[in-house]
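Here is a friendly walk through a model you may want to open in your viewer. Please keep the sequence at hand as you read.

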Amino acid sequence: MGEGASVVPQPPPLTPALSQRERGNRLGLMLTVLFDGVAYGMVLFILACGLAVTLGLMNLVNLAHGAFAMAGGYAAVVLVNRWGLPFLLALPLAFLASAVLGAVLERTLYVHIYARSHFEQVLFSIGLVFIAVAITDYFAGSQQVFVNVPDFLRARFEVAGVSVGAYRLLIIVICAVVALAIHLVLAHTRFGSRLRAAVDDPRVARGLGINVNLIFAVTFAVGSGLAGLGGALGAEILGLDPSFPLKFMIYFLIVVTVGGTASISGAFLASLLLGIADVAGKYYVPEVGAFVIYCVMVAVLIWRPQGLFGRVRLR
Amino acid sequence: MRRWGEWVFWVVVAAAYFLLPSRSMLIAEIATTALFALSLDLVLGYAGILSLGHAAFFGLGAYAAGIAAKNGYGDPLLGLALAAAVAAAVGAVTSLLVLRGSDLTRLMVTLGVASILYELANRLSWLTGGADGLQDMDVGPVLGRFDFDLGGRVAAAYCLIVLFLAFLFVRLLVRSPFGWSLRAIRGNALRASAIGVPVNRRLIAAYTVGAGLAGIAGALLAQSTQFVSLDVLAFHRSADILLVLVIGGVGWLYGGLVGAVVFKLMQDLLSQLTPQYWELWIGLLLIAIVLVGRERITALFRPHAAPAPAE
């Protein structure tokens with residue numbers, strides 16, 4: 001793990017054919033970068049939206065969120081590569097695996113640290129990360145692994161001069177559907193309003209007969225499951241190895257802090273911005289690449305500690 | 001700790017140096033870690049600033065001393081001074097970022113600053129050696145007389161003496177009105193400002209001093225091992241030092257020192273048993289400490305401990 005948190009994932013590969021054939025077509029290239037950036041940002045959103053709720057709303061500093069994503073990614077690897085399940089079937093199963101893991105850990109461990117100080121939550125979740133890294137290393141080895149993506153997802157086609165990868169298109173579609181579903185659940189269902197009530201004031205919510213513990217547990221499990229789904233979907237473009245939770249910890253935290261905690265759409269916009277900025281930065285100015293996002297993050301935190309899209313909470 | 005207890009502690013430390021000459025390298029490592037933890041204690045335990053990137057200053061100090069030694073300025077004390085100055089300067093600048101915001105913001109900013117420095121050290125390979133590490137350091141003899149030997153006798157004595165002097169300095173600091181004002185800020189910044197404590201100035205000062213001390217610790221590591229790698233800036237170093245401090249006790253002068261002894265001995269022992277799964281033990285220990293509560297574990301040993309930083 002000597003590489004630490006600052007190791008930055010490789011930029012998603014762009015079509016080599018494109019840069020040769022259409023060297024002059026800058027607009028097409030730009031749109032392709034934009035497209036890849038959107039796909040990347042969408043994955044980041046699915047990965048981080050659970051954290052946006054647990055950290056942003058439930059005020060639980062869970063640095064181990066990436067571990068659930070890694071669990072989902074490795075679940076997909078085992079299901080597809082070893083058991084030969086179809087990739088599209090493995091995705092919901094990866095969601096389930098991480099959700100179950102999240103539910104179990106929430107009931108056994110996390111439930112004890114909701115009320116602790118941030119300092120203790122940091123220590124606890126770093127401990128979980130280290131354990132996850134060591135266990136994954138033990139069972140799967142330290143090398144990078146890949147999910148066998150079916151051939152029809154490896155295809156690329158062109159839409160109006162923009163090279164579109166089928167896999168990235170699938171990512172965007174799935175993530176958009178999930179994001180919309182999350183928004184609808186949070187904003188328009190009874191569960192969503194109960195969750196918001198439980199977050200705003202747990203005591204009063206309990207007084208109204210809302211089972212706050214259950215709501216938190218379900219939310220945590222779903223958030224972990226979504227991270228697992230993101231890990232399975234994103235394994236192809238983010239890279240999957242035991243140090244995944246550490247590598248991407250800062251990305252998740254950026255999404256949550258830049259997006260602010262007021263709404264899920266803030267996290268969504270922040271993910272898209274981060275994804276596009278990261279892909280474009282690494283493609284156009286590879287020599288500065290990684291600095292851009294860190295500097296942007298620090299600048300945003302200084303400029304608006306509540307996040308770009310946040311509003312000041314009254315608590 | 002009572003006064004006689006402090007005497008006993010340092011006598012034991014000196015005795016360890018003289019009675020265990022074969023473990024000199026380990027003693028030097030422990031002293032370096034202890035100084036690093038002490039610097040974090042000033043920032044976290046006394047000033048209450050939650051930092052997830054304290055290795056930034058440790059690494060800066062290591063690189064400052066290492067690059068100086070590589071370019072012909074091999075005098076160790078000069079290296080220490082340089083490391084302290086560089087780390088403190090960066091600490092002073094970044095302390096302005098730390099002043100704003102909540103725990104979470106501080107966590108992110110400190111993590112971000114450390115990540116930026118890691119990337120910088122990685123990219124500026126003409127200066128730092130990049131991923132290969134900084135080699136060909138030429139560290140001169142301490143005070144012009146004591147050359148660093150292979151067995152680490154000089155390194156151990158050097159690190160222990162620097163640690164002792166730094167410890168005396170911090171002890172003086174936290175027992176002064178300055179130290180008490182830090183604790184007041186940690187307890188409640190608003191009330192501290194109401195009784196006339198200049199909160200921001202005090203936090204800047206504490207963060208700067210903490211950064212400078214961490215820089216000295218980094219320089220000690222660079223000089224005693226004659227090598228600096230990117231590892232000095234890595235995230236796990238910031239996490240490890242948090243654990244060291246938590247083992248010993250946050251907000252307690254001897255916390256970092258005791259923690260460093262326990263941590264390094266444990267590392268030494270476990271890395272002989274299961275070298276590759278060190279992280280697993282660290283993780284289990286962190287979780288156990290949080291769930292069981294360090295107070296309950298160590299209450300047996302020191303009944304009059306200072307409480308951990310309140311939120």
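## Confidence in the model

The mean pLDDT of chain B is 84, with 93% of its residues at 70 or more. This is a predicted model, so these scores are a good place to begin. Within chain B, confidence peaks in helix α10 (residues 199-225), at a mean of 92, and is lowest in helix α14 (residues 294-298), at 56. Residues 299-311 of chain B stay under a pLDDT of 50, and the model gives this stretch 16 contacts beyond four places in sequence.

Chain A averages a pLDDT of 81, and 86% of its residues score at least 70. Among the elements of chain A, helix α4 (residues 87-108) has the highest mean, 91, and helix α1 (residues 16-21) the lowest, 50. Over residues 1-8 of chain A the pLDDT is below 50, while the stretch has 27 contacts in the model beyond near neighbours in sequence. Where pLDDT is low, the predicted coordinates should not be read in detail. For the model as a whole, the scores are ipTM 0.80 and pTM 0.83.

## Chain A in outline

Chain A holds 13 helices and 2 strands. Of its 315 residues, 51% are buried. Taking contacts in chain A between residues at least 6 apart in sequence, 78% join residues at least 24 apart.

One residue to look at is G275(A), which sits in helix α12 (residues 264-284) of chain A. Is G275(A) buried or exposed? With 24 other C-beta atoms within 10 Å, G275(A) is buried, because 20 or more such atoms count as burial. Leaving out residues up to four places away in sequence, G275(A) touches G37(A), V38(A), Y40(A), G41(A) and L44(A). As for R304(A), it lies 29 residues from G275(A) in sequence and 20 Å from it in space, C-alpha to C-alpha.

## A helix crossing in chain A

Two packed helices are described by the angle between their axes and the distance between the axes. For helix α7 (residues 166-188) and helix α8 (residues 190-200) of chain A, the axes come within 5 Å and cross at roughly 70°. Angles of 65 to 115 degrees count as roughly perpendicular, and α7(A) and α8(A) are therefore roughly perpendicular to each other.

On the α7(A) side, the contact is made by V185(A), L186(A), A187(A) and H188(A); on the α8(A) side, by F191(A), G192(A) and L195(A). The residues of this contact between α7(A) and α8(A) divide into 5 nonpolar, 2 polar and no charged.

## Where the chains meet

The contact between the chains takes 37 residues from chain A and 37 residues from chain B. On the side of chain A that touches chain B, α5 (118-140), α11 (244-259) and α13 (289-303) of chain A each supply at least two residues. Which of the elements gives the most to this side of chain A? The answer is α5(A), with 14 residues. By type, the residues on this side of chain A are 27 nonpolar, 8 polar and 2 charged.

Helix α5(A) itself has 23 residues and reaches 32 Å from its first C-alpha to its last, close to the 33 Å expected at 1.5 Å a residue. It is mostly covered, with 17 of the 23 residues buried. Just after α5(A), G141(A) takes a positive phi of about 80°.

## Two helices and a loop in chain B

Helix α12 (residues 255-273) of chain B has 19 residues and reaches 27 Å from its first C-alpha to its last, close to the 27 Å expected at 1.5 Å a residue. The buried residues of α12(B) are G255(B), G256(B), L257(B), V258(B), G259(B), A260(B), V261(B) and F263(B). These residues pack against α2 (24-46) and α11 (235-248) of chain B.

Helix α11(B) has 14 residues and reaches 21 Å, first C-alpha to last, close to the 20 Å expected at 1.5 Å a residue. It is mostly covered: 14 of its 14 residues are buried. Just after α11(B), G249(B) takes a positive phi of about 130°.

In the loop between α10 and α11 of chain B lies Q226(B). Its phi is near 55°, a positive value in a residue other than glycine. Most residues other than glycine have a negative phi. Q226(B) counts as partly exposed, with 16 C-beta neighbours inside 10 Å.

Note on methods: Residues numbered from 1 in each chain as written. Chains lettered and ligands numbered in written order. Predicted model: local features only at pLDDT ≥ 70, side-chain atom pairs only at ≥ 80, totals over all residues. Helix = DSSP H or I, 4+ residues; strand = E, 2+ residues; numbered from the N terminus. Buried ≥ 20, exposed ≤ 12 C-beta atoms within 10 Å, placed from the backbone. Contact = placed C-beta atoms within 7 Å. pLDDT = per-residue confidence, 0-100. Expected span 1.5 Å × (residues − 1). Nonpolar A, V, L, I, M, F, W, Y, C, P; charged D, E, K, R; others polar. Axes fitted to C-alpha atoms, helices over the stretch in contact; angles between N-to-C directions. Parallel < 35°, antiparallel > 145°, perpendicular 65-115°, else oblique.
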